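I set out to record what I looked up in this structure. The entries follow in the order in which I made them.

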Amino acid sequence: MKTLRTSAALFAASFTLLTSGALAATPAKLEIDLARPGHAIPSSFYGLMTEEINYSYDGGLFAELVRNRTFQDAPTGAPKPVLGVLPPHWSVVGSAQAGTNKIDPVNDALPINLRLTLSGGTGGVANNGYWGIPVKPSTQYTATFYARGNDMFTGSVTASLLTDSGDKTVAKAESEPLTGVWKKYTLTFTTPADAPTTADARFVLSASGKGSIDFSFVSLFPPTYQNTPNGLRPDLMKLMADMRPAFIRLPGGNYLEGNRFADRFAWKKMIGPADQRPGHAGCWSYRSSDGFGLPEYLLWCKQLGAEPVLALFAGYTLNGDYVAAGSPEMDLYTKEALEEIEYVMGAADSEWGKRRAADGFAEPFALKYVEIGNEDFFDRSGSYEGRFAQMAKAIRQKYPQLKIISTTPVTSYKPDLVDDHIYASDQAMLRQWDRYDVGSTNPEGRKADGVKVFMGEWATQGGSPTPNLASALADAVFVMGLERNSDDVVMQCYAPLFANVSQEDPAKGNPRGWQWPTNLIGYNALGAFGSPSYHVLALFGQNRGDVTLPTTFDVPQVAKPIEANPHGLIGVGTYGTRVEYADLVVTGKDGAKLSSGNLIKETAKWQFPNGKWSAEDGVLRPVGNNPQTWALAGDPTWTNYTVTLRARKISGNEGFIVLWHAADGDNYRWWNIGGWGNSVSRCEVSENGGREPYGPSAPFTVETGRWYDLKLEVNGSTARGFIDGKLVMEATDAQHQPAAAAFASASYINASGELIVKVVNTSGKPLDVAIQLKGAHQFGTGKAIVLAGSPAAVNSIEQPNNVAPKEEPLTNAAASFTRTFPAHSVTLLRFPAKK
Ligand code: AHR
């Protein structure tokens, strides 16, 4: 039998392609050598990556229930808040009127008040929360708000929870009488034991009588993790605690950079009392209240026992703006970075350490790693070399003990680590198994200058809003590959961590909760769940070895059929950008028109797999600010064709997208023009939602407001793209070696003398494996934990444990034993094995 041999030391020998039937006539063979331990696995290896995306904090981890609590959110489509009317997510109940004003606000950070006007009856203002206010039985809520009585109003305010159906009051509390000056009120109330469990509810501030009341900074908290005021959601904290993260990479991600300088992570505006933080425009299509600011990140680290890995704003924003090294702006950002470090790790009597202590953390945090910027490979100006060197030198001078991470390889000044990122399809992720192996030919592997790697963002893209089992298997293989190479890849974290999985609800002013397609942990107002990939990472995080062990795995390989006759729909798309497409004509190979004129006018032929589009006067545009959406049309049997169209960018960070050979919203090829922050033209292929770039990349920036003539020629597996008559892209589908059917790695826990074996079977057949353990005697009973199911299986709010690990005793461990690994499974074996 020809097999694929995988080993930490030796990779790739030979293989058998299996397309059907039993996986192999003879069992696969896994050898583990306990007598030759490899390198130590750093205790820092498993971590979390976070940013404000997919309503991660507001509407997520930050337990605040009131949405738009400072009335500063703009109505959909408006550039700024509108005065005199009800702000988004607020409504009137009972007999009253309400609208915003800017009269003598509480402070500069809270410039807008919400005025409730009463004319003798009872009425109030109601907030509908983040896709609803969660009501649960026997639960205590804490409401706080500023209020001021006007026009002779001296009555009290009632804070209550009201269900949507029947306007039923579930629980309430009443304030003392108001006065004519601003005062902060805190009320608590507890729902009765027979209260319903529902998110179809509102939080209401109401009053009776005549006059008016101004409200500011209206807040409502349910119980929080470890009962911390202004704290974090217990269900999400419990899920993360079970992952045992060593660190949290914060605060981003794109969120660190912001779309513009004004929207960067300006940490000084995100410390101190929450009612003194103004909030800012986030980069993922919604405003951030900044109730979750730098102190809350630190609270999160403290409560999970994780160290912060602090990413520092470094003078580059998502729209491509940058400042030069040595400029006054870069000097300021460098100074702010040093001060931010002092806020986190400085003594409680240092200038910024004092501020941290005032925010509730007298003890300095054990900061060991700082990262300068985020994804600065997008900065095509070359300014990162200088920006990085300036900031790194200043940090090293003041804090020589800190390890410094660059976001792309640099030559100007040596970093301690470089942050690598990868998002790809399951097949592409499986091909990364040996990425960091010594001697690997992967160009993204170990760095020539010996700089260590921080894999700061990675994830298999498949399943949305959370990964399916096929992605989880590839994620397991990928992270096993990293762990085998953790002498080089010393830390890693999956991204994004969170997604609010609530669906769009225009009637309540709610967009879809998530912007990124595939995310580790999902939740809505009432509950949370871990995806299959979450379970893999929690399983691995809970069962960590101290050292790697050499393994050799002779295993069959699974053939992936090569598409003989590529075909499919055409389409257009957008990625966080407002665009317009017009005059779209599709012509067959022989010049025959496949569309009768402008295909956009044939509205019935279009489908919109994610997000809404409008087609008026023959111009196709996405509706609203949906960050990723595409529109497909034509005939799925179309093979070779030419698509011509005109395209114009209205606003946003990227450019145009033209699709071909599309089967649905998850499987397609596309030409991304002005992708990667409006910097390049390149093709990408998506398999089951996982996108992978291929073919050459050419610099290209789309200008806003200008119409471009685009032409895409598709011939078999080759595509050519022209912009204004000039050839810009030519790419042929990559033909890859099929991935192995199964992967294995092993490690050892020195203190307990236990062996940990991880095996992933990606194939659709059970895999019999003969396991041989060298250098060990005396084996004990252990456990086998198995995650298995159908590749498309996902977890959800309704079925949180559809794919979940199952544990069973492992009783037959010996120097030589066999085990069958189920189809589509991840298995972790842990058992005593004395050396
Ligand atoms: O994880 C989602 C985004 O992917 C991050 O914000 C960014 O750093 C990367 O492009």
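The entries below concern cores, a helix pair and one residue.

I noted that this is a predicted model, in which local features need pLDDT of at least 70, side-chain atom pairs count only at pLDDT 80 or more, and totals for chains, interfaces and linings use all residues. Residues are numbered from 1 along each chain as its sequence is written, and side-chain values use heavy atoms, with hydrogens and water left out.

Entry 1, cores. I looked up nonpolar cores (sets of buried Ala, Val, Leu, Ile, Met, Phe, Trp, Tyr and Cys residues joined through side-chain atoms within 4.5 Å); buried means under 20% relative accessible area with a 1.4 Å probe, protein chains only. The largest has 172 residues, and W300 and L755 have the most contacts inside it. Helix 9 (residues 469-484) supplies the largest share of this core, 10 residues. Helices are DSSP runs (H or I, at least four residues), numbered from the N terminus. A second, separate core of 37 residues includes V125, A143, V157 and F189.

Entry 2, W300. Not counting residues up to four places away in sequence, I found that W300 touches, among others, Y57, L232, F292 and F498; contact means heavy atoms within 4.5 Å.

Entry 3, a helix contact. I found M237, M240 and A241 of helix 2 meeting W300, Q303 and L304 of helix 4.

Entry 4, N678. I located N678 in helix 11 (residues 675-678). N678 is buried, with a relative accessible area of 10%. Leaving aside neighbours within four places in sequence, N678 is in contact with K649, N653, E654, F700, T701 and V702.

Key:
Buried < 20%, exposed > 50% of the residue type's maximum accessible area, 1.4 Å probe, protein only. Helix = DSSP H or I, 4+ residues; strand = E, 2+ residues; numbered from the N terminus.
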